[in-house]
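Here are some exercises to work through with the model open beside you. Try each task before reading its solution.

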Amino acid sequence: MTDYAIQVDHLVKRYGEVLAVDDISFTVPSGSTTALLGGNGAGKTTTLSMLLGILLPSSGQICVLGEDMLTHRHRVLPRVNFSSPYVDLPHRLTVRENLMVYAHLYAIARPAERIAQVARQFDLGDLLMRPAGKLSSGQKTRVALAKALLNEPELLMLDEPTASLDPDTADWVRSSFQDYQRRTGATLLLASHNMTEVERLCDDVLIMKKGKIVDHGAPQLLIDRYGRNTMEEVFLDIARDRQWVAAQ
Amino acid sequence: MGGGPVTVPAAASVTLAAPSLFSWRRVYALVLRHVYLLRGSWARLAEMIYWPLLNVVIWGFFSQFFAGHSDWVARASGVLLGAVMLWDVLFRSNLGVALSFLEEMWSRNLGHLSVSPLRPIELVVAMLIMSLIRSVLGLAPAILLAIPLYHYSLFSLGPPLLLFLFNLMVTGWAVGLAVAALVLRYGLGAESLAWVLVLGIAPLCGIYYPLSALPDWLQAVAWFLPPSHIFEGMRTVMFDHVFPLQEMVIGLLENAIAMLAAGAVFLRVYHVARVKGLFLSMGE
(Lines give C-alpha, C1' and ligand atoms only; values in the text may rest on other atoms or scores of the structure.)
Protein backbone atom coordinates (compact mmCIF):
# COMPACT_ATOMS: atom_id res chain seq x y z
CA MET A 1 0.00 0.00 0.00
CA THR A 2 1.41 3.42 -0.98
CA ASP A 3 1.77 5.98 1.76
CA TYR A 4 0.60 9.38 0.59
CA ALA A 5 1.72 12.70 2.04
CA ILE A 6 -1.06 14.49 0.17
CA GLN A 7 -4.42 13.22 -1.06
CA VAL A 8 -6.69 15.61 -2.91
CA ASP A 9 -10.16 14.60 -3.94
CA HIS A 10 -12.43 16.61 -6.27
CA LEU A 11 -11.00 19.95 -5.16
CA VAL A 12 -12.81 23.05 -6.42
CA LYS A 13 -12.14 26.74 -5.77
CA ARG A 14 -14.55 29.26 -7.14
CA TYR A 15 -14.35 33.06 -6.78
CA GLY A 16 -17.83 34.17 -7.80
CA GLU A 17 -18.10 33.26 -11.48
CA VAL A 18 -14.40 32.46 -11.82
CA LEU A 19 -13.40 28.83 -11.46
CA ALA A 20 -9.79 28.97 -10.23
CA VAL A 21 -9.44 25.25 -9.53
CA ASP A 22 -11.80 22.92 -11.36
CA ASP A 23 -12.42 19.56 -9.73
CA ILE A 24 -8.89 18.22 -9.40
CA SER A 25 -7.84 14.98 -7.71
CA PHE A 26 -4.29 13.77 -7.16
CA THR A 27 -1.98 12.10 -4.70
CA VAL A 28 1.60 12.82 -3.72
CA PRO A 29 3.51 9.80 -2.38
CA SER A 30 5.49 10.30 0.82
CA GLY A 31 9.15 11.01 0.23
CA SER A 32 8.63 12.09 -3.37
CA THR A 33 9.22 15.41 -5.08
CA THR A 34 6.26 16.56 -7.13
CA ALA A 35 5.85 19.66 -9.24
CA LEU A 36 2.72 21.62 -9.99
CA LEU A 37 3.45 22.97 -13.44
CA GLY A 38 1.44 25.46 -15.41
CA GLY A 39 1.34 28.92 -16.90
CA ASN A 40 0.23 32.06 -15.10
CA GLY A 41 -3.32 31.69 -13.80
CA ALA A 42 -3.29 27.90 -14.18
CA GLY A 43 -4.26 27.45 -10.53
CA LYS A 44 -0.92 26.34 -9.04
CA THR A 45 -0.70 28.92 -6.28
CA THR A 46 -4.40 28.54 -5.51
CA THR A 47 -3.92 24.79 -5.13
CA LEU A 48 -0.82 25.25 -2.99
CA SER A 49 -2.67 27.75 -0.79
CA MET A 50 -5.51 25.30 -0.23
CA LEU A 51 -3.01 22.58 0.66
CA LEU A 52 -1.48 24.96 3.22
CA GLY A 53 -4.90 25.81 4.62
CA ILE A 54 -4.74 29.57 4.06
CA LEU A 55 -7.41 29.29 1.39
CA LEU A 56 -10.60 27.33 1.93
CA PRO A 57 -11.85 25.27 -1.02
CA SER A 58 -15.38 25.68 -2.35
CA SER A 59 -15.69 21.89 -2.24
CA GLY A 60 -13.57 18.78 -2.12
CA GLN A 61 -11.31 17.02 0.35
CA ILE A 62 -7.66 17.56 1.27
CA CYS A 63 -5.75 15.10 3.40
CA VAL A 64 -2.21 16.13 4.39
CA LEU A 65 0.09 13.80 6.36
CA GLY A 66 -2.91 11.68 7.25
CA GLU A 67 -5.02 14.56 8.61
CA ASP A 68 -8.06 16.26 7.13
CA MET A 69 -6.72 19.74 6.32
CA LEU A 70 -10.16 21.33 6.57
CA THR A 71 -10.88 20.15 10.09
CA HIS A 72 -7.47 19.44 11.66
CA ARG A 73 -5.22 22.00 10.00
CA HIS A 74 -3.46 22.89 13.24
CA ARG A 75 -2.37 19.30 13.83
CA VAL A 76 -0.64 19.32 10.46
CA LEU A 77 0.96 22.78 10.33
CA PRO A 78 3.78 22.09 12.84
CA ARG A 79 4.94 19.27 10.52
CA VAL A 80 4.76 21.32 7.33
CA ASN A 81 6.59 24.39 6.11
CA PHE A 82 6.50 26.72 3.17
CA SER A 83 8.74 29.06 1.24
CA SER A 84 7.98 31.61 -1.42
CA PRO A 85 9.95 34.55 -2.80
CA TYR A 86 6.67 36.47 -2.78
CA VAL A 87 6.19 36.31 0.99
CA ASP A 88 8.69 38.31 3.01
CA LEU A 89 10.09 38.01 6.47
CA PRO A 90 9.95 41.23 8.53
CA HIS A 91 12.59 43.51 7.02
CA ARG A 92 13.66 45.33 10.16
CA LEU A 93 14.34 42.21 12.19
CA THR A 94 17.76 40.66 11.86
CA VAL A 95 18.04 37.22 10.31
CA ARG A 96 18.68 35.72 13.74
CA GLU A 97 15.64 37.49 15.25
CA ASN A 98 13.43 36.25 12.42
CA LEU A 99 14.63 32.69 12.84
CA MET A 100 14.18 32.92 16.61
CA VAL A 101 10.56 34.07 16.22
CA TYR A 102 9.77 31.19 13.87
CA ALA A 103 11.65 28.68 16.03
CA HIS A 104 9.31 29.62 18.88
CA LEU A 105 6.25 29.56 16.61
CA TYR A 106 7.12 26.00 15.61
CA ALA A 107 7.82 25.12 19.26
CA ILE A 108 11.35 23.91 18.56
CA ALA A 109 12.91 22.57 21.76
CA ARG A 110 16.34 24.21 21.60
CA PRO A 111 15.90 27.20 19.28
CA ALA A 112 19.41 28.66 19.57
CA GLU A 113 20.99 25.30 18.77
CA ARG A 114 18.70 24.75 15.81
CA ILE A 115 19.37 28.25 14.46
CA ALA A 116 23.11 27.63 14.68
CA GLN A 117 22.56 24.37 12.80
CA VAL A 118 20.59 25.89 9.90
CA ALA A 119 22.96 28.87 9.83
CA ARG A 120 25.82 26.44 9.27
CA GLN A 121 23.83 24.51 6.71
CA PHE A 122 22.91 27.57 4.67
CA ASP A 123 26.09 29.53 5.26
CA LEU A 124 24.28 32.31 7.14
CA GLY A 125 26.97 32.96 9.73
CA ASP A 126 27.82 36.43 8.45
CA LEU A 127 24.19 37.34 7.85
CA LEU A 128 22.67 36.48 11.21
CA MET A 129 22.97 39.98 12.65
CA ARG A 130 21.93 41.79 9.48
CA PRO A 131 18.37 43.09 8.95
CA ALA A 132 16.43 40.79 6.62
CA GLY A 133 15.49 43.77 4.45
CA LYS A 134 19.11 44.54 3.62
CA LEU A 135 19.90 41.20 2.02
CA SER A 136 20.31 40.43 -1.67
CA SER A 137 17.76 38.15 -3.43
CA GLY A 138 20.07 35.16 -3.11
CA GLN A 139 20.70 35.81 0.57
CA LYS A 140 16.98 36.28 1.19
CA THR A 141 16.29 32.95 -0.48
CA ARG A 142 18.82 31.20 1.75
CA VAL A 143 17.24 32.79 4.83
CA ALA A 144 13.74 31.84 3.67
CA LEU A 145 14.96 28.30 3.13
CA ALA A 146 16.52 28.20 6.60
CA LYS A 147 13.20 29.38 8.01
CA ALA A 148 11.34 26.75 5.98
CA LEU A 149 13.56 23.95 7.29
CA LEU A 150 13.71 25.12 10.93
CA ASN A 151 11.10 22.61 12.04
CA GLU A 152 12.53 19.92 9.75
CA PRO A 153 9.17 19.57 7.97
CA GLU A 154 7.86 16.23 6.76
CA LEU A 155 6.24 18.13 3.91
CA LEU A 156 7.83 21.18 2.33
CA MET A 157 5.77 23.28 -0.07
CA LEU A 158 7.60 25.71 -2.31
CA ASP A 159 6.16 28.39 -4.55
CA GLU A 160 8.59 29.13 -7.40
CA PRO A 161 11.58 28.52 -5.13
CA THR A 162 14.25 29.78 -7.53
CA ALA A 163 12.39 32.67 -9.14
CA SER A 164 14.68 35.70 -9.66
CA LEU A 165 17.84 33.84 -8.61
CA ASP A 166 21.02 33.69 -10.66
CA PRO A 167 21.87 30.22 -12.06
CA ASP A 168 24.57 29.59 -9.44
CA THR A 169 22.34 30.41 -6.49
CA ALA A 170 19.41 28.54 -8.05
CA ASP A 171 21.60 25.47 -8.44
CA TRP A 172 22.72 25.78 -4.83
CA VAL A 173 19.10 25.98 -3.68
CA ARG A 174 18.15 22.86 -5.67
CA SER A 175 21.07 21.00 -4.14
CA SER A 176 19.80 22.05 -0.72
CA PHE A 177 16.41 20.49 -1.43
CA GLN A 178 17.96 17.27 -2.66
CA ASP A 179 20.28 17.12 0.31
CA TYR A 180 17.43 17.78 2.73
CA GLN A 181 15.24 15.13 1.14
CA ARG A 182 18.03 12.54 1.15
CA ARG A 183 18.66 13.09 4.85
CA THR A 184 15.08 13.25 6.08
CA GLY A 185 12.90 11.46 3.53
CA ALA A 186 10.63 14.50 3.43
CA THR A 187 8.04 15.12 0.73
CA LEU A 188 8.50 18.16 -1.52
CA LEU A 189 5.77 19.83 -3.51
CA LEU A 190 6.74 22.77 -5.64
CA ALA A 191 4.91 25.11 -7.94
CA SER A 192 7.27 26.17 -10.68
CA HIS A 193 7.72 27.62 -14.13
CA ASN A 194 11.29 26.42 -14.30
CA MET A 195 11.48 23.30 -16.47
CA THR A 196 15.15 22.58 -15.76
CA GLU A 197 14.31 22.57 -12.07
CA VAL A 198 11.38 20.25 -12.61
CA GLU A 199 13.40 17.82 -14.72
CA ARG A 200 16.21 17.75 -12.20
CA LEU A 201 14.24 17.53 -8.96
CA CYS A 202 10.90 15.91 -9.57
CA ASP A 203 9.69 12.34 -9.56
CA ASP A 204 6.26 13.38 -10.71
CA VAL A 205 4.73 16.36 -12.48
CA LEU A 206 1.13 17.57 -12.37
CA ILE A 207 0.46 19.86 -15.30
CA MET A 208 -2.29 22.40 -14.69
CA LYS A 209 -4.15 24.53 -17.17
CA LYS A 210 -7.20 26.69 -16.53
CA GLY A 211 -7.68 25.15 -13.09
CA LYS A 212 -7.55 21.54 -14.27
CA ILE A 213 -4.86 18.89 -14.21
CA VAL A 214 -4.43 18.19 -17.89
CA ASP A 215 -1.63 15.64 -17.62
CA HIS A 216 0.71 14.07 -15.12
CA GLY A 217 3.61 11.65 -14.88
CA ALA A 218 7.36 11.45 -14.39
CA PRO A 219 9.27 14.09 -16.41
CA GLN A 220 10.90 11.55 -18.73
CA LEU A 221 7.56 9.78 -19.23
CA LEU A 222 5.93 13.05 -20.27
CA ILE A 223 8.83 13.91 -22.59
CA ASP A 224 8.52 10.50 -24.25
CA ARG A 225 4.75 10.66 -24.44
CA TYR A 226 4.82 14.00 -26.23
CA GLY A 227 7.74 12.96 -28.42
CA ARG A 228 9.83 15.88 -27.24
CA ASN A 229 13.35 16.38 -25.92
CA THR A 230 12.71 18.56 -22.89
CA MET A 231 9.98 19.41 -20.40
CA GLU A 232 9.99 22.93 -21.78
CA GLU A 233 8.80 21.61 -25.15
CA VAL A 234 6.14 19.53 -23.40
CA PHE A 235 5.03 22.59 -21.49
CA LEU A 236 4.75 24.64 -24.68
CA ASP A 237 2.77 21.88 -26.40
CA ILE A 238 0.27 21.88 -23.57
CA ALA A 239 0.21 25.65 -23.16
CA ARG A 240 -0.51 26.08 -26.89
CA ASP A 241 -3.01 23.23 -27.07
CA ARG A 242 -0.72 21.11 -29.24
CA GLN A 243 -0.75 18.10 -26.97
CA TRP A 244 -2.92 15.96 -29.25
CA VAL A 245 -0.87 16.72 -32.29
CA ALA A 246 2.29 15.97 -30.36
CA ALA A 247 0.89 12.79 -28.85
CA GLN A 248 -0.17 11.50 -32.27
CA MET B 1 27.82 30.32 -3.81
CA GLY B 2 30.24 27.56 -4.61
CA GLY B 3 30.31 24.04 -3.30
CA GLY B 4 26.60 23.57 -2.54
CA PRO B 5 24.96 23.42 0.87
CA VAL B 6 26.78 22.01 3.85
CA THR B 7 25.34 18.71 4.93
CA VAL B 8 24.53 18.68 8.60
CA PRO B 9 23.53 15.38 10.17
CA ALA B 10 20.27 16.77 11.45
CA ALA B 11 17.85 13.88 11.02
CA ALA B 12 15.57 13.64 14.03
CA SER B 13 17.49 16.52 15.60
CA VAL B 14 14.47 18.79 15.85
CA THR B 15 12.16 18.19 18.74
CA LEU B 16 8.75 19.77 18.36
CA ALA B 17 6.20 20.24 21.11
CA ALA B 18 2.89 18.39 20.70
CA PRO B 19 0.17 20.40 18.94
CA SER B 20 -2.04 22.27 21.40
CA LEU B 21 -5.26 24.26 21.22
CA PHE B 22 -3.58 27.31 22.72
CA SER B 23 0.11 27.89 23.17
CA TRP B 24 1.62 30.67 25.26
CA ARG B 25 4.90 29.96 23.49
CA ARG B 26 3.41 30.94 20.14
CA VAL B 27 1.99 34.08 21.77
CA TYR B 28 5.46 34.77 23.18
CA ALA B 29 6.96 34.29 19.70
CA LEU B 30 4.75 36.98 18.24
CA VAL B 31 5.30 39.36 21.16
CA LEU B 32 9.04 38.76 20.76
CA ARG B 33 8.75 39.71 17.09
CA HIS B 34 7.28 43.10 18.03
CA VAL B 35 9.72 43.64 20.91
CA TYR B 36 12.58 43.03 18.46
CA LEU B 37 10.99 45.56 16.12
CA LEU B 38 10.67 48.23 18.81
CA ARG B 39 14.15 47.52 20.17
CA GLY B 40 15.64 48.03 16.74
CA SER B 41 13.71 51.16 15.80
CA TRP B 42 14.32 54.31 17.84
CA ALA B 43 11.92 56.18 15.54
CA ARG B 44 9.02 53.91 16.54
CA LEU B 45 9.87 54.29 20.23
CA ALA B 46 10.22 58.06 19.94
CA GLU B 47 6.89 58.36 18.11
CA MET B 48 5.17 56.29 20.82
CA ILE B 49 6.43 58.60 23.56
CA TYR B 50 6.29 61.89 21.65
CA TRP B 51 2.54 62.35 21.13
CA PRO B 52 1.38 61.58 24.69
CA LEU B 53 4.14 63.85 25.99
CA LEU B 54 3.10 66.67 23.67
CA ASN B 55 -0.55 66.23 24.67
CA VAL B 56 0.25 66.48 28.36
CA VAL B 57 2.44 69.55 27.87
CA ILE B 58 -0.25 71.44 25.91
CA TRP B 59 -3.14 70.41 28.16
CA GLY B 60 -1.05 71.07 31.26
CA PHE B 61 -0.63 74.72 30.34
CA PHE B 62 -4.27 74.85 29.24
CA SER B 63 -5.36 73.46 32.63
CA GLN B 64 -3.18 75.93 34.51
CA PHE B 65 -4.72 78.79 32.57
CA PHE B 66 -8.29 77.55 33.11
CA ALA B 67 -7.72 76.88 36.80
CA GLY B 68 -7.52 80.66 37.22
CA HIS B 69 -10.52 81.36 35.00
CA SER B 70 -12.98 78.55 35.63
CA ASP B 71 -14.58 77.52 38.93
CA TRP B 72 -15.26 74.08 37.52
CA VAL B 73 -11.63 73.39 36.71
CA ALA B 74 -10.45 75.10 39.90
CA ARG B 75 -12.65 72.81 42.03
CA ALA B 76 -10.75 69.76 40.85
CA SER B 77 -7.34 70.68 39.60
CA GLY B 78 -6.17 68.17 37.07
CA VAL B 79 -9.66 67.31 35.78
CA LEU B 80 -8.59 68.19 32.25
CA LEU B 81 -5.11 66.75 32.52
CA GLY B 82 -6.46 63.53 34.03
CA ALA B 83 -9.00 63.29 31.21
CA VAL B 84 -6.27 63.80 28.59
CA MET B 85 -4.16 61.03 30.10
CA LEU B 86 -7.06 58.61 30.43
CA TRP B 87 -8.19 59.29 26.86
CA ASP B 88 -4.65 58.59 25.72
CA VAL B 89 -4.83 55.22 27.49
CA LEU B 90 -7.80 54.33 25.29
CA PHE B 91 -6.26 55.83 22.16
CA ARG B 92 -2.87 54.17 22.65
CA SER B 93 -4.29 50.75 23.50
CA ASN B 94 -6.38 50.93 20.31
CA LEU B 95 -3.30 51.94 18.36
CA GLY B 96 -1.25 49.20 20.06
CA VAL B 97 -3.55 46.49 18.70
CA ALA B 98 -4.06 48.05 15.28
CA LEU B 99 -0.38 48.85 14.70
CA SER B 100 0.74 45.37 15.74
CA PHE B 101 -1.54 44.01 13.04
CA LEU B 102 -0.54 46.64 10.49
CA GLU B 103 3.14 45.85 11.06
CA GLU B 104 2.45 42.30 9.84
CA MET B 105 0.73 43.65 6.74
CA TRP B 106 3.36 46.28 6.03
CA SER B 107 6.10 43.66 6.24
CA ARG B 108 4.06 41.15 4.17
CA ASN B 109 4.61 38.63 6.95
CA LEU B 110 0.98 37.60 7.38
CA GLY B 111 1.39 34.90 4.73
CA HIS B 112 4.16 33.21 6.73
CA LEU B 113 2.23 33.58 9.97
CA SER B 114 -0.96 32.15 8.55
CA VAL B 115 0.79 28.96 7.38
CA SER B 116 2.61 28.59 10.71
CA PRO B 117 0.98 26.79 13.66
CA LEU B 118 -0.10 30.18 15.09
CA ARG B 119 -3.84 30.19 15.75
CA PRO B 120 -5.98 33.31 15.22
CA ILE B 121 -6.83 33.50 18.93
CA GLU B 122 -3.10 33.48 19.74
CA LEU B 123 -2.60 36.31 17.26
CA VAL B 124 -5.33 38.26 19.09
CA VAL B 125 -3.80 37.62 22.53
CA ALA B 126 -0.34 38.63 21.27
CA MET B 127 -1.76 41.88 19.87
CA LEU B 128 -3.41 42.66 23.23
CA ILE B 129 -0.15 42.05 25.10
CA MET B 130 1.71 44.24 22.62
CA SER B 131 -0.91 46.92 23.11
CA LEU B 132 -0.27 46.82 26.86
CA ILE B 133 3.50 47.07 26.34
CA ARG B 134 3.18 49.90 23.81
CA SER B 135 0.75 51.82 26.04
CA VAL B 136 2.97 51.57 29.13
CA LEU B 137 6.07 52.60 27.16
CA GLY B 138 4.24 55.48 25.47
CA LEU B 139 2.28 56.85 28.41
CA ALA B 140 4.57 56.37 31.40
CA PRO B 141 6.89 59.29 30.51
CA ALA B 142 3.93 61.66 29.98
CA ILE B 143 2.19 60.63 33.22
CA LEU B 144 5.40 60.94 35.21
CA LEU B 145 6.36 64.28 33.62
CA ALA B 146 3.06 65.84 34.71
CA ILE B 147 4.00 65.34 38.38
CA PRO B 148 6.94 67.76 38.53
CA LEU B 149 5.73 69.99 35.68
CA TYR B 150 2.09 70.61 36.71
CA HIS B 151 1.97 69.12 40.20
CA TYR B 152 -0.64 66.67 39.00
CA SER B 153 -0.38 62.92 39.55
CA LEU B 154 -2.82 60.60 37.83
CA PHE B 155 -2.22 58.26 40.76
CA SER B 156 -4.08 60.74 43.00
CA LEU B 157 -7.26 59.10 41.68
CA GLY B 158 -6.44 56.24 44.05
CA PRO B 159 -7.55 52.61 43.64
CA PRO B 160 -10.38 53.43 41.17
CA LEU B 161 -7.61 54.37 38.72
CA LEU B 162 -6.90 50.67 38.19
CA LEU B 163 -10.49 50.09 37.11
CA PHE B 164 -10.44 53.19 34.90
CA LEU B 165 -7.26 52.03 33.19
CA PHE B 166 -8.50 48.48 32.72
CA ASN B 167 -11.82 49.61 31.26
CA LEU B 168 -10.28 52.10 28.88
CA MET B 169 -7.71 49.58 27.70
CA VAL B 170 -10.45 47.05 26.97
CA THR B 171 -12.38 49.64 24.95
CA GLY B 172 -9.18 50.45 23.04
CA TRP B 173 -8.58 46.75 22.39
CA ALA B 174 -12.12 46.33 21.07
CA VAL B 175 -11.76 49.28 18.67
CA GLY B 176 -8.26 48.09 17.65
CA LEU B 177 -9.54 44.61 16.85
CA ALA B 178 -12.36 46.09 14.79
CA VAL B 179 -9.76 48.14 12.87
CA ALA B 180 -7.58 45.04 12.34
CA ALA B 181 -10.63 43.18 11.02
CA LEU B 182 -11.47 46.03 8.61
CA VAL B 183 -7.87 46.25 7.37
CA LEU B 184 -7.74 42.48 6.85
CA ARG B 185 -11.02 42.59 4.95
CA TYR B 186 -10.49 45.75 2.88
CA GLY B 187 -6.69 45.96 2.67
CA LEU B 188 -4.15 48.61 3.57
CA GLY B 189 -6.34 51.30 2.00
CA ALA B 190 -8.24 51.19 5.30
CA GLU B 191 -5.15 51.62 7.51
CA SER B 192 -5.95 55.20 8.50
CA LEU B 193 -8.88 53.79 10.49
CA ALA B 194 -6.32 52.89 13.15
CA TRP B 195 -6.13 56.60 13.99
CA VAL B 196 -9.54 57.97 13.00
CA LEU B 197 -12.11 55.32 13.99
CA VAL B 198 -11.60 55.77 17.72
CA LEU B 199 -11.76 59.57 17.35
CA GLY B 200 -15.32 59.13 16.07
CA ILE B 201 -16.56 58.22 19.55
CA ALA B 202 -14.54 60.92 21.34
CA PRO B 203 -17.23 63.65 21.23
CA LEU B 204 -19.74 61.29 22.85
CA CYS B 205 -17.53 60.00 25.65
CA GLY B 206 -17.57 63.15 27.78
CA ILE B 207 -13.81 63.27 28.01
CA TYR B 208 -13.43 66.97 28.77
CA TYR B 209 -17.03 67.82 29.74
CA PRO B 210 -19.85 66.08 31.61
CA LEU B 211 -22.34 64.14 29.49
CA SER B 212 -25.02 66.62 30.62
CA ALA B 213 -23.40 69.04 28.16
CA LEU B 214 -24.74 66.90 25.30
CA PRO B 215 -28.29 67.17 23.92
CA ASP B 216 -30.68 64.71 25.63
CA TRP B 217 -30.96 62.38 22.61
CA LEU B 218 -27.17 62.24 22.28
CA GLN B 219 -26.77 61.51 25.98
CA ALA B 220 -28.91 58.40 25.47
CA VAL B 221 -26.45 57.24 22.80
CA ALA B 222 -23.40 58.18 24.88
CA TRP B 223 -24.45 55.97 27.80
CA PHE B 224 -24.01 52.94 25.54
CA LEU B 225 -20.31 53.75 25.18
CA PRO B 226 -18.16 52.25 27.96
CA PRO B 227 -15.72 55.23 28.14
CA SER B 228 -18.61 57.59 29.00
CA HIS B 229 -18.99 55.76 32.31
CA ILE B 230 -15.28 55.93 32.97
CA PHE B 231 -14.94 59.68 32.39
CA GLU B 232 -18.09 60.38 34.40
CA GLY B 233 -16.63 58.10 37.10
CA MET B 234 -13.35 59.99 37.03
CA ARG B 235 -15.15 63.29 37.64
CA THR B 236 -17.21 61.72 40.44
CA VAL B 237 -13.98 60.66 42.16
CA MET B 238 -12.38 64.08 41.64
CA PHE B 239 -15.31 66.31 42.53
CA ASP B 240 -17.31 64.21 45.02
CA HIS B 241 -14.60 61.87 46.35
CA VAL B 242 -16.99 58.93 45.96
CA PHE B 243 -16.28 55.57 44.30
CA PRO B 244 -18.60 55.38 41.27
CA LEU B 245 -19.64 51.74 41.70
CA GLN B 246 -22.64 51.84 39.37
CA GLU B 247 -20.69 53.54 36.58
CA MET B 248 -17.91 50.98 36.89
CA VAL B 249 -20.25 47.98 36.79
CA ILE B 250 -22.07 49.29 33.71
CA GLY B 251 -18.75 50.21 32.06
CA LEU B 252 -17.37 46.72 32.69
CA LEU B 253 -20.49 45.06 31.29
CA GLU B 254 -20.51 47.22 28.17
CA ASN B 255 -16.81 46.59 27.69
CA ALA B 256 -17.30 42.84 28.01
CA ILE B 257 -19.92 43.01 25.25
CA ALA B 258 -17.74 45.27 23.07
CA MET B 259 -14.70 43.01 23.47
CA LEU B 260 -16.63 39.83 22.74
CA ALA B 261 -18.22 41.44 19.68
CA ALA B 262 -14.89 42.78 18.37
CA GLY B 263 -13.16 39.44 18.97
CA ALA B 264 -15.95 37.61 17.17
CA VAL B 265 -15.82 40.05 14.25
CA PHE B 266 -12.03 39.66 13.95
CA LEU B 267 -12.20 35.85 14.01
CA ARG B 268 -15.09 35.91 11.52
CA VAL B 269 -13.13 38.15 9.14
CA TYR B 270 -10.10 35.88 9.56
CA HIS B 271 -12.30 33.03 8.34
CA VAL B 272 -13.65 35.16 5.48
CA ALA B 273 -10.02 35.97 4.54
CA ARG B 274 -9.40 32.24 4.15
CA VAL B 275 -12.49 31.87 1.97
CA LYS B 276 -11.70 34.87 -0.24
CA GLY B 277 -7.95 34.28 -0.41
CA LEU B 278 -7.13 37.61 1.24
CA PHE B 279 -3.91 36.23 2.74
CA LEU B 280 -2.67 35.80 -0.82
CA SER B 281 -3.39 39.35 -1.90
CA MET B 282 -2.33 41.62 0.92
CA GLY B 283 -2.06 45.24 -0.07
CA GLU B 284 -4.11 48.22 -0.98
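**Exercise 1: the fold of chain A**

Chain A has ten helices and ten strands (DSSP runs numbered from the N terminus, H or I of at least four residues for helices and E of at least two for strands). The model is predicted: local features need pLDDT of at least 70, side-chain atom pairs count only at pLDDT 80 or more, and totals for chains, interfaces and linings use all residues. Residues are numbered from 1 along each chain as its sequence is written, while chains are lettered from A and ligands numbered from 1 in the order in which they are written.

Task: work out what the radius of gyration says about chain A.

Solution. Step one: take the radius over C-alpha atoms and compare it with the globule rule, 2.2 Å times the number of residues to the power 0.38. Step two: chain A gives 18 Å, close to the rule's 18 Å for 248 residues, so it is as compact as a globular protein of that length. Step three: add the spans of the C-alpha trace along its principal axes, about 55 × 40 × 40 Å.

**Exercise 2: a helix pair across chains**

Task: find how α3 (residues 95-105) of chain A lies against α1 (residues 24-39) of chain B.

Solution. Step one: the two axes (lines fitted to C-alpha atoms over the stretch in contact, with angles from 0 to 180 degrees between N-to-C directions) come within 7 Å and cross at roughly 165 degrees. Step two: α3(A) is therefore roughly antiparallel to α1(B), the term for angles over 145 degrees.

How values were computed
Parallel < 35°, antiparallel > 145°, perpendicular 65-115°, else oblique.
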